[in-house]
Amino acid sequence: MSEPVLSVKNFTVEFWVDGVWYPAAIGMNFDVAAGKVTAIVGESGSGKSTTAMGLMNLLASNARMQGSVQIKGEEMVGAPTSVLRKYRGKEVAYIFQEPMTALNPVYTIGFQIVETIRTHFDLGPKEARIRAIELLGMVEIPDPEKSFEKYPHQLSGGQRQRAMIAQALACDPALLVADEPTTALDVTVQAEILDLMRGLKTRLNSAILLITHAMGVVADMADDILVMKDGRVVEAGTADAIFNHPTHPYTQELLAAVPKLGHSAKRELKFDTIVKPAPVLVLSDVTIEYPKRGRIPAFTAVKDFSLEIYPGEIVGLVGESGSGKTTVGRAAIGLLPIKSGKLSIAGRDISNATQKDLSSIRRHTGIVFQDPASSLNPRLPIGESIGEPIFLAGLAKDEKLNHMVEDLLDQVELPRSYRNRYPHELSGGQRQRVGIARALALTPDLLIADEPTSALDVSVQARFLELFQGLQEKLKFACLFISHDLAVVDILSHRVAVMQDGFLVEEGDRDSILKNPQKDYTRRLIEAVPVPNPAEQALRREVRLAKKL
Amino acid sequence: MDAAENAIANREVAGLTQREIVLKRFLHHRAAVISMVVLGFVIIGVFSGGAFSFGPIHYPGWWKYGINDTPPLTQCGNGSLGCPTMSLWPKFLGGHGITIGEHPFGQDDIGHDYFALVLRGAQRSLMVTFIIGFIAGTIGTVIGSIAGFFGGRIDNALMRFVDFLITIPSIIIGSVIGFHFGNLGALFLALYLGLFSWTGLSRLVRGEFLKLRELEFVDAARVAGASNRRIIFKHILPNAVGVIIVSITLLMSGAILLETALSYLGFGVTPPDVSLGLLISQYQDSFTTRPYLFWWPGLLIIIIALSINFIGDGLRDAFDPRQRRRISLKERRRGGSPKADA
């Protein structure tokens, strides 16, 4: 066996906070061989990214590294910056999560690739350009000659990620570190990027260190897996061993928490067949337009969209980013005006409602937002945030309000003492529960949930979904559940609606949509979802690729 | 990586309210804390020492001379008249001992006690500064909030008005005002200057509002049924308070210099009243012969402006969560093992 490209021994990263060193990664030991993919999985805060960045000393100045990191036998820990610089980009290249921020917006992608090449090789501008175009072709960017001259904002998310991969590959690195390379991408694009990375691995024989929290992606790519928790590796092994015979309880828990498409129990809503109740939310032929602003022309985000939601029903709304799902959600709660069509909530027509009319529907609606970090006012204690709708509706004050807030906290399974805490003291999952408590404060008939789990870790997401389901069964509110994650929608919803480019593609019972989709687009979406099982995933991949050809 | 860092950052602030975090960070800023103490001493000293009237109340001050007293000029050792009697040089080192004497800062041509003049000048300058800070702060915050929150046509109209005001240099506005209304006194000068120096602040507040109003908690408040008024005052303004406080302090340190410049040019505070700028302008010719007449008011201006600037700096660092203290090499070497999680 050949010598590993990356060899990490007893590697520890610590951060200096308030006079003490806090460890973020402790005693890491692993090797990555050429042509192999090693994945580090774990939840946020487990130290997986810190480890990856620490390899090449890319961390903030309050970090320190101990132990040993060897790239092709050369020691990196404690090496002077001049040595590290020679290795960065040339031997070790990084792909980051967010291609929009990782590429410099004021330079063309061609320039940025050429820059990397010319930093490490003695090449003239013309040769470097030829090499850059070759690289862009290799990552399958359409029309590489033209794309060379494009700025990052002129490319789509997937193309940007490809450009970044091209830049990372510019010097044929021995090790490619991919830090959540597909987290910001839609499933269909994610599948393409993963295909590309797999192809490049075999072609270039590089070692890949993949950092991700998505078990499906790991199943798709990894040869070896390290599971991290609280800065330590709790289990390491081959992909097959980890997925099929996990020994550590945390690994088992993590795998169990991953929602699987098509594995959840049947959910049926029984209506009285004779008298069907009136729908809570009616959207009929709704068109929503973002008005013209200055020279930017008006943009139609949603067109001729019709959907009805009945009491006690959860309707999942899925689609890729930019398909208009969030716009529908915001309009359904009166945050956006509709241009044409008819929108009514709980029997009240709000198609042309003014601000005053809207206040009457506020008591019947609630919304849970996507980002737990920005959906709570950082300057208000969470008790006040939760109680605000009740207070504004004039239902209760002072003591009585406090009691109601405490009840709500009980419902979302948070300690009552959290009433006086501030949002920054809570974890993402806890904040999202506060968001639900606030949305449910007025016991609404209709709840809009806009990607409430996309910012959460799998295990947190699993608990959140359980809680959400329990609450829904108890309170029987109707819910429009917006998500890009089909597996989550599969667990929760009774019905599913699929959107593409502002149009409703397909709508129907959960099982008929997810198991027997009629439209191509839906089928493609479902096929692109990676399954957290290496063998099954390989099978699905082959089917998908065969179809593509 | 973000998440990991957040977890660590959260440990740093666990169990503290926003206000406590800001206070803690502010107290870590050494220059700001020292400036706070210095400025406090200057304000207390200046307003307790010199006489001032506020409406019907007249406070005599502990300093024995007023600005209109003309005691006889004292003779100094080298034969010149009215030189400072303060000495900080102990006798055993060959000096006159640590004493402030009869006229610590000296006397002017006709015998006015210069210490009394400087006290009054500093009172005026500080008053002008705080009034400008208050008025400009209020107007700037209100205009900026309205423009940023409502956007569209209102924003356009207000910001074009701001553009218009910005094109006129404040020193020219000040001179015109001073020329016409200078004899109305320092109070009116401060009021007028305040009416013209809020433009930069309103821009900053507008920007902050534009950013904050897109955040989801504002939508959440709207869905909860909050009125525009409540959203502005309860949800957005408290989150913008950092920007506002910081720019008001910086605006104030600019104001003290503006007042000085105007008085120096003869458009600000006019005799018989005194301000620091006026004192400097009156005695600029004496710089070579009697430098103390120039140095004392100058030193006071520098002390006040610098301390307000440092305080503003400290506040900015305190309010900006991205500002983290750097580790010194010593601390890095000392290391130490992490303490157990409390």
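**Figure 1. Contacts and overall dimensions of chain A.** In this predicted model, residues 24 or more positions apart supply 68% of those contacts in chain A that have a separation of 6 or more. The secondary structure that frames these contacts consists of 21 helices and 20 strands. Chain A has a radius of gyration of 25 Å, close to the 24 Å expected from the globule rule for 549 residues, so the chain is as compact as a globular protein of that length. Along the principal axes, its C-alpha atoms fill a box of roughly 75 × 50 × 50 Å. Burial completes the overview: 48% of the 549 residues of chain A count as buried.

**Figure 2. A:Glu235 and its surroundings in strand β10 of chain A.** Here we zoom in on a single residue of the strand that spans residues 232-238. A:Glu235 counts as buried because it has 20 C-beta neighbours inside 10 Å, and 20 is the number at which a residue begins to count as buried. Leaving aside residues up to four places away in sequence, A:Glu235 touches A:Val227, A:Ile242, A:Pro246, A:Thr247, A:His248 and A:Thr251. For A:His248, which lies 13 residues from A:Glu235 along the chain, the separation between the two C-alpha atoms is 6.4 Å.

**Figure 3. A:Ser156 in the loop between α6 and α7 of chain A.** The loop follows helix α6 (144-147) and leads to helix α7 (157-168). A:Ser156 has 13 other C-beta atoms within 10 Å and is therefore partly exposed. A useful landmark in this view is A:Met100: 56 residues separate it from A:Ser156 along the chain, while their C-alpha atoms are 9.6 Å apart.

**Figure 4. Helix α4 packing with helix α8 in chain B.** We now move to chain B, where α4 (residues 114-150) and α8 pack at an angle of about 35 degrees, their axes being 7 Å apart. The crossing of α4(B) past α8(B) is right-handed. On the α4(B) side, the contact is made by B:Ala136, B:Gly137, B:Gly140, B:Thr141, B:Ile143, B:Gly144, B:Ser145, B:Ala147, B:Gly148 and B:Phe149. Their counterparts on α8(B) are B:Leu201, B:Ser202, B:Arg203, B:Leu204, B:Val205, B:Arg206, B:Gly207, B:Glu208, B:Phe209 and B:Leu210. Sorted by class, this contact holds nine nonpolar, eight polar and three charged residues.

**Figure 5. B:Leu210, a residue of helix α8 in chain B.** This view picks out one member of the contact between α4(B) and α8(B). B:Leu210 counts as partly exposed because 15 C-beta neighbours lie inside 10 Å. Its C-alpha atom is 6.5 Å from that of B:Phe149, although the two residues are 61 residues apart along the chain. B:Phe149 belongs to the α4(B) side of that contact.

**Figure 6. Helix α8 alongside helix α10 in chain B.** The axes of α8 (residues 199-212) and α10 (residues 228-265) come within 10 Å and cross at roughly 160 degrees. That angle makes α8(B) roughly antiparallel to α10(B), because values over 145 degrees count as such. In passing α10(B), α8(B) makes a right-handed crossing. From α8(B), the contact draws on B:Gly200, B:Leu201, B:Leu204, B:Val205, B:Glu208, B:Phe209 and B:Leu212. From α10(B) come B:Ile236, B:Asn239, B:Ala240, B:Val243, B:Ile244, B:Ser247, B:Ile248 and B:Leu251. The residues of this contact divide into eleven nonpolar, three polar and one charged.

Definitions and conventions: Residues numbered from 1 in each chain as written. Chains lettered and ligands numbered in written order. Predicted model: local features only at pLDDT ≥ 70, side-chain atom pairs only at ≥ 80, totals over all residues. Axes fitted to C-alpha atoms, helices over the stretch in contact; angles between N-to-C directions. Helix = DSSP H or I, 4+ residues; strand = E, 2+ residues; numbered from the N terminus. Parallel < 35°, antiparallel > 145°, perpendicular 65-115°, else oblique. Left-handed = near helix turned anticlockwise from the far one by under 90°. Contact = placed C-beta atoms within 7 Å. Nonpolar A, V, L, I, M, F, W, Y, C, P; charged D, E, K, R; others polar. Rg over C-alpha atoms; globule rule 2.2 N^0.38 Å. Buried ≥ 20, exposed ≤ 12 C-beta atoms within 10 Å, placed from the backbone.
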